[in-house]
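Me: I am new to reading protein models and would like a close look at a single part of this one. Please take me through the nonpolar interior slowly and in connected sentences.

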Amino acid sequence: MKTRLIIILLMALSTLFALDSSARNVRNRMVIISDVHLLSPELITPGSAIDRADAGDTKMMAMSDEIMSAITDSIIEMEPAVVLLTGDLTHNGERLSHERMAWHLDRMKQYGIQPLVIPGNHDCNNPYARSYDGDKTMPTATVTREEFAQIYRDFGYGKTSVRDAASLSYCCEPIKGIVIIGIDSNMDEQNTLTSRGDSADTYYNGGRIKPETMQWVIEQATLARKQGKQVIAMMHHHLVPHFDNEDRLLTNYIVTRHDEAARQLLEAGIHTLFTGHLHVTDAATYHNSDGSDSLVEVATGSAICYPFALRTATINNKAKTLEVHTQWLTSTPSCPTLREQGRQRIIAATPGLANIISGKAWSRLGGRMGQIKAMLEMNGNKANLPETPQQATQLALRHLSEVMSRSLLAVVEGNEQEKDAETLIEQGKQGLRAMIEEVVPTQSENMWEFFLENVYPRLEPMVRSVLEDRNDVGTPNESRTDDLNLKIKL
């Protein structure tokens with residue numbers, strides 16, 4: 001009898017230890033979401049206004065609150081210690097949307113989960129805060145930066161955090177030995193609002209880290225490292241280019257002087273940065289000059305856009321690593337086909353992408369179209385050049401629509417190299433060739449050879465950087481970072 005009791009006691013103790021070990025692992029886990037773009041249900045009365053705003057957008061704006069509810073339920077089931085939200089919490093900075101987001105976050109907090117937020121470019125001083133009432137779209141109150149901090153006082157801006165005096169950056173230690181630094185990279189202080197007496201509405205969505213804020217971040221990170229703690233940072237805008245020439249082509253998505261900023265953060269002991277903003281599920285690595293150290297930026301796509309990503313990050317204190325894994329929200333109570341509906345929205349965005357690309361090309365060449373046509377027709381060759389930006393867009397869509405859609409899906413899903421990049425590249429080349437044949441049918445062979453010899457060699461590295469998920473293509477620092485599952489040195 002005594003032996004049986006001892007065995008039962010040992011089994012009970014082992015079970016308790018196993019449960020405790022499991023709990024410790026869970027409590028060393030974080031969840032990361034981004035770009036929720038929440039629009040409060042209080043700002044929506046069904047009708048043509050919300051239908052127009054929601055139509056043609058990759059964001060499922062009208063469902064944003066239901067999606068956030070489903071994400072919150074999932075997070076509560078996962079029982080992480082911390083949730084990081086890397087900006088654009090609201091659709092356009094509406095006060096009611098912020099208050100609704102705080103309500104969702106408070107639900108998490110009631111289960112012992114600590115949400116931490118940082119603002120995005122949409123969140124403060126936004127002149128385009130709107131409500132949708134039947135067939136009417138009307139201005140609604142936005143928030144100041146001070147009001148933002150007050151609303152989220154329990155989610156990073158409270159007394160347990162150290163605040164930067166120059167921005168909405170802060171530093172806290174939600175997990176023992178793990179310091180989180182939220183970096184405010186926004187420029188909304190420069191926004192102007194007619195509702196506040198300014199002469200016009202202006203809106204800045206680019207990013208930068210103020211010099212005084214950078215100095216503050218370095219001081220906080222250096223102090224934490226000296227105390228033997230690990231440091232994880234989050235910010236809205238990108239710091240590390242996620243494809244070659246991002247800083248040139250998508251200026252508003254990456255902070256100014258990003259190389260210098262990345263060097264400073266890495267030297268301060270920051271090896272992990274979570275971001276959002278571009279709505280892509282991607283990771284990229286910055287290496288120091290001799291390749292001996294690195295900073296990994298993990299960008300998480302929008303929570304209300306396909307593929308509806310959320311990240312888990314598990315801290316291994318013994319190995320001093322962070323294991324990041326990606327999962328997807330697949331449905332909500334009213335929308336069991338959420339994922340497929342979101343996917344179709346990405347495909348439907350192809351004309352918009354074609355319009356942007358052709359618009360950029362037109363802005364460079366539009367004024368010279370007459371001259372180009374005259375040169376092409378000088379020797380009796382027919383030239384069917386587009387005469388308007390809209391015609392240029394239609395030309396691109398006729399020959400590149402499918403490859404654009406497939407490329408868009410590959411980029412937002414992550415790990416693009418698994419999507420048969422070589423086939424996509426070849427399909428894109430054939431589409432471009434067909435465009436040339438349509439525009440200059442009698443000289444298409446000569447023009448194609450000219451393109452391959454003089455244009456494509458400059459274009460190919462960037463194309464491969466995007467579709468093969470590589471950075472610094474053709475340089476000693478060329479790298480590829482797993483977008484979905486990775487282990488990062490803390």
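Reply: What follows is a walk through the nonpolar interior, with a little of its surroundings.

This is a predicted model, in which local features need pLDDT of at least 70 and side-chain atom pairs count only at pLDDT 80 or more, while totals for chains, interfaces and linings use all residues. Residues are numbered from 1 along each chain as its sequence is written, and side-chain values use heavy atoms, with hydrogens and water left out.

To set the scene, the chain holds 14 helices and 16 strands, where helices (H or I, at least four residues) and strands (E, at least two) are DSSP runs numbered from the N terminus. Of its 490 residues, 52% count as buried, a word that stands for under 20% relative accessible area, whereas exposed stands for over 50% and partly exposed for what lies in between, using a 1.4 Å probe and protein chains only.

The interior itself can be described through its nonpolar cores, each being a set of buried Ala, Val, Leu, Ile, Met, Phe, Trp, Tyr and Cys residues joined through side-chain atoms within 4.5 Å. The largest of these cores has 67 residues, and the members that touch the most others in it are Met-30, Tyr-152, Phe-274 and Leu-322. Helix 3, which spans residues 64-78, supplies the largest share of this core, namely seven residues. A second core, separate from that one, has 27 residues, among them Ile-218, Ala-233, Leu-239 and Leu-273.

Met-30 deserves its own sentence: leaving aside residues up to four places away in sequence, Met-30 touches partners that include Pro-80, Ile-175, Ile-232, Phe-274, Arg-311 and Leu-322, where a contact means heavy atoms within 4.5 Å. For the chain as a whole, 73% of the contacts between residues at least 6 apart in sequence join residues at least 24 apart.

Two further residues help to show what buried and exposed look like in practice. Asn-288 sits in the loop between strand 12 (282-287) and strand 13 (294-299), and it is buried because its relative accessible area is 18%. Not counting residues up to four places away in sequence, Asn-288 touches Leu-266 and Asp-293. Ser-363, by contrast, belongs to helix 10 (residues 350-365), and Ser-363 counts as exposed because its relative accessibility is 60%. Measuring from C-alpha to C-alpha, Ser-363 and Pro-389 are 8.7 Å apart in space, although 26 residues separate them in sequence.
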